[in-house]
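Please walk through this model with the coordinates open beside the text, following each residue as it comes up.

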Amino acid sequence: MTGPELAEPEPVAHEPPSPVEGYPTLTQAAGMRMFWWDALFAGVPVALLLQYLPLFAVAYGANNAEVGFMAAGAGLGAAVAFLPGAWLSGLWARRKTFVVLTSGLLSRAPFLGFVLLPFVADGEAALRIVILLAVLQAFFLSLGIPAWTSLAADIVPLSIRGRYFARREFIFGASGLVAAPAAGVMVAVWGKPEGWQAVWLLALTAGVFSTWCFNRIPEEPRPRPSQVAPSEQPWHAAILRDANFLIFGGTVFLWNISLYAAGPFFNIYLVKNLDASEIWVGGLAAVASAFGLVGQAMFGRLLDARGSRWLMAVCGLFIPLLPWAWYVIDAPWQIIFINAVGGVAWAGYLLGSFNFLLIVSPPEQRRYYAASYHTLVFLSAAAGPLIGGVIAQSHSIKALFIISGAGRLAAHVLFLRFVHERRIDARPTAAPAPPA
């Protein structure tokens, strides 16, 4: 945003300081507890969307290109939301309220649309509604992410972020571990449309509880714009002068375009080419989630001890191998081993990348750095599935797996060579415990 920036909230003046530096204040500790409960419920809709939305579209007649178009539309909807979200959240006295309205309530409303879909449309019309709702869900979810990221950094002190977010991601993954197989059973037993309605009703219910928990996080109102000193330089000038962040953004774009090109097609390949049922889809997702929990347990203290970049460097070496492994399998049970390795590797990589973003972002402009980062991620999420859909339709999904792995490897090599960890966020922070 151009013009005066709203300052990030400082510790509450009347609150007694934390007795031990690096540990949370009473307000932060309370916020971290509710942030943890938020994660418990938020993992359910995220897991169900990730594992089942492409199959839901296929159930209404989507082909590979249309699945790619839907994923691309959702990625574009997310990409255009981040920078407006960063600006709009600055107009609210409490970032929490903005997150609850956008990522909390509006992003969960499409689940109700999925539940009611059989009553209003079928065939091609239903497929168009599914795609539209997927785009709206991604847009409203992403609108609140810059404010969410800024608030998360204030809630959790730098010195314990690794351990805290590892625990939060553990419970986030654990809820998905339970929900994904349960959803597969619902679809397999009840079929269309009842099974799918049950899946999205579960996602909606969990999302409502998640929003309720997040709304209970305490946050002091921020100063009015007239009370805030102008920023030294506009956010876009700061980012354009930050060569390390710009290079990081370039590697992020290449990495994610390679991920999203293949992402929507793994479960489609599993069902169509390997004759797996929805129960297999849920069970294999549970394997990835279970080993992700193992990774979360392993990597929290390692992150605090060795740093975000080290964790990304190590775990990122395994991720390009995953789509190549899909190329050689010929039975669903073989994916168990791929998902086991992937669950651990992704747990460490995502934990490291989130904390890396917090570290290289100046606190006073963090929501804009986060918005810029996520805009790149979801622009690639828009372009990737379109590219992947064309490759899958004109060549084969197996060819797409090879290309995806090569792109991931190239992005990771560039990250290791050119991107550095600079601890911008070295100011004392008052406190951690578990958030969402």
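In this predicted model, serine 372 has its place in helix α17, which covers residues 366-394. With a relative accessible area of 14%, serine 372 falls under the 20% limit and is therefore counted as buried. Setting aside residues up to four places away in sequence, the neighbours that serine 372 touches are Leu83, Trp235, Ile239 and Phe245. The surroundings of serine 372 also bring in a part of the chain that is remote in sequence, since the C-alpha atom of phenylalanine 82 is separated from that of serine 372 by 7.2 Å, although the two residues are 290 residues apart along the chain.

A second buried position can be followed from helix α11, residues 243-262, where asparagine 256 is found. Asparagine 256 has a relative accessibility of 9% and so counts as buried. Its contacts, once the neighbours within four places in sequence are left aside, are with Val377 and Ser380.

The next topic is charge pairing. Side chains of opposite charge can pair when their charged atoms come close. Taking as the rule a side-chain nitrogen of Lys or Arg within 4 Å of a carboxyl oxygen of Asp or Glu, the count for this model comes to four salt bridges. One of them is formed by aspartate 38 and arginine 168, whose closest N and O atoms are 3.6 Å apart. Because aspartate 38 belongs to helix α1 (residues 26-59) and arginine 168 to helix α8, this pair ties together parts of the chain that are 130 residues apart in sequence. How buried or exposed are the two partners, aspartate 38 and arginine 168? Aspartate 38 has a relative accessibility of 5% and therefore counts as buried, and arginine 168, with a relative accessible area of 5%, is buried as well.

Arginine 168 also takes part in a salt bridge with glutamate 169, where the N to O distance between the side chains is 3.3 Å. Glutamate 169 has a relative accessible area of 26%, and is therefore classed as partly exposed. Through salt bridges that share partners, Asp38, Arg168 and Glu169 are joined into one network.

Another salt bridge brings together the side chains of arginine 95 and aspartate 154, with 3.1 Å from N to O. Here arginine 95 lies in helix α4 (residues 95-106) and aspartate 154 in helix α7 (residues 145-155), so that the pair links parts that are 59 residues apart in sequence. Arginine 95, at 1% relative accessibility, counts as buried, and aspartate 154 is also counted as buried, at 15%.

Helix α8, already met through arginine 168, leads on to a case of helix packing. Helix α8 (residues 161-190) packs with helix α9 (residues 194-215) at an angle of about 155°, and their axes are 7 Å apart. Since angles over 145 degrees count as roughly antiparallel, α8 and α9 are therefore roughly antiparallel to each other. The crossing in which α8 passes α9 is right-handed. From the α8 side, Ala183, Met186, Val187 and Trp190 take part in the contact, and they meet Glu194, Gly195, Trp196, Ala198, Val199 and Leu202 in α9. By type, the residues of this contact divide into eight nonpolar, one polar and one charged.

Note on methods
Residues are numbered from 1 along each chain as its sequence is written. This is a predicted model: local features need pLDDT of at least 70, side-chain atom pairs count only at pLDDT 80 or more; totals for chains, interfaces and linings use all residues. Side-chain values use heavy atoms; hydrogens and water are left out. Axes are lines fitted to C-alpha atoms, for helices over the stretch in contact, and angles run from 0 to 180 degrees between N-to-C directions. Helices (H or I, at least four residues) and strands (E, at least two) are DSSP runs, numbered from the N terminus. Angles under 35 degrees count as roughly parallel, over 145 as roughly antiparallel, 65 to 115 as roughly perpendicular and the rest as oblique. A crossing is left-handed if the near helix is turned anticlockwise from the far one by less than a right angle, and right-handed if clockwise. Contact means heavy atoms within 4.5 Å. Ala, Val, Leu, Ile, Met, Phe, Trp, Tyr, Cys and Pro count as nonpolar, Asp, Glu, Lys and Arg as charged, and the others, Gly among them, as polar. Buried means under 20% relative accessible area, exposed over 50%, partly exposed in between (1.4 Å probe, protein chains only).
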